[in-house]
Amino acid sequence: MGTKFLFVAEHDTYTGCIIKVARTPHSDNARINLERGCTIEHEFEILSCLGVAPFMTRLIDGWKKDDTHERTTLMEPYFPSKNLYDFAESKLTQAQFKKVFGQILAAVRYLHHEVHLYHRDLSPGNILIADDLRVRIIDFSNALYMKDVVPIVRGPVVGGALFLNIVYFSHQYL
């Protein structure tokens, strides 16, 4: 998380929640993402539109920093889990593998076909898996609606219609 602090907290209505607070980026990648519009404010907008979506985190609330109307803090439900990097160390049976990756594929299908949204950072670190094999997709700060994506080709294209490396896409407004 190059641009966010994370805290686990208690909330009156929920048994636990994650608080994300925007911070100044410290790495080159975090600064580049911030320049591209991958901010906590952008994530707030995406999560607000998603509502309660299958296999994805959801927004509980967001706060303004001051009178600038920038949303700098988000609250999401706490999901006790490991990310896919850590979870992959345990050996899964074929049935467990199907259950986990079936949920991941269902989430991607929902994003693409129902919401018309590309996550654009669906890495093992952004896929959480609970002990009972429930899946949650997190970190929508890089997400873009399909209508806002323009294919750009620079050099030879590797991939096909269903899979094309993200480097071939850009914001219309960049």
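Start with the whole protein chain shown as a surface: about 10,700 Å² is exposed, and carbon and sulfur atoms supply 56% of that area. Keep in mind as you look around that this is a predicted model.

Now switch to cartoon. You will find 4 helices and 11 strands in the protein chain. Colour by burial if your viewer allows it: of the 174 residues, 36% are buried. Contacts across the sequence are worth a look too. Among those with a separation of 6 or more, 56% join residues 24 or more positions apart.

Next, select residues 40-50, which form helix 2, and pick out His42 there. Is His42 buried or exposed? Its relative accessible area is 19%, and buried means under 20%, so His42 counts as buried. Show what surrounds this side chain: beyond the neighbours within four places in sequence, His42 is in contact with Gly37, Phe140, Ser141 and Ala143.

Follow that list to Phe140. Leaving aside neighbours within four places in sequence, Phe140 is in contact with His42, Glu43, Ile46, Leu47 and Leu50. The list of its contacts also includes Met56, Thr57, Leu111, Leu117 and His119.

Finally, step into the largest nonpolar core, a set of 24 residues. Which residues have the most contacts inside this core? Select Leu50, Met56, Ile129 and Phe140 to see them. To trace where the core comes from, highlight helix 2, helix 3 (84-87), helix 4 (94-115), strand 7 (127-129) and strand 8 (135-137); these elements each give two or more residues to the core.

Definitions and conventions:
Residues are numbered from 1 along each chain as its sequence is written. This is a predicted model: local features need pLDDT of at least 70, side-chain atom pairs count only at pLDDT 80 or more; totals for chains, interfaces and linings use all residues. Side-chain values use heavy atoms; hydrogens and water are left out. Buried means under 20% relative accessible area, exposed over 50%, partly exposed in between (1.4 Å probe, protein chains only). Contact means heavy atoms within 4.5 Å. Accessible areas come from the Shrake-Rupley method with a 1.4 Å probe; for residues, only the protein chains shown count as cover. A nonpolar core is a set of buried Ala, Val, Leu, Ile, Met, Phe, Trp, Tyr and Cys residues joined through side-chain atoms within 4.5 Å.
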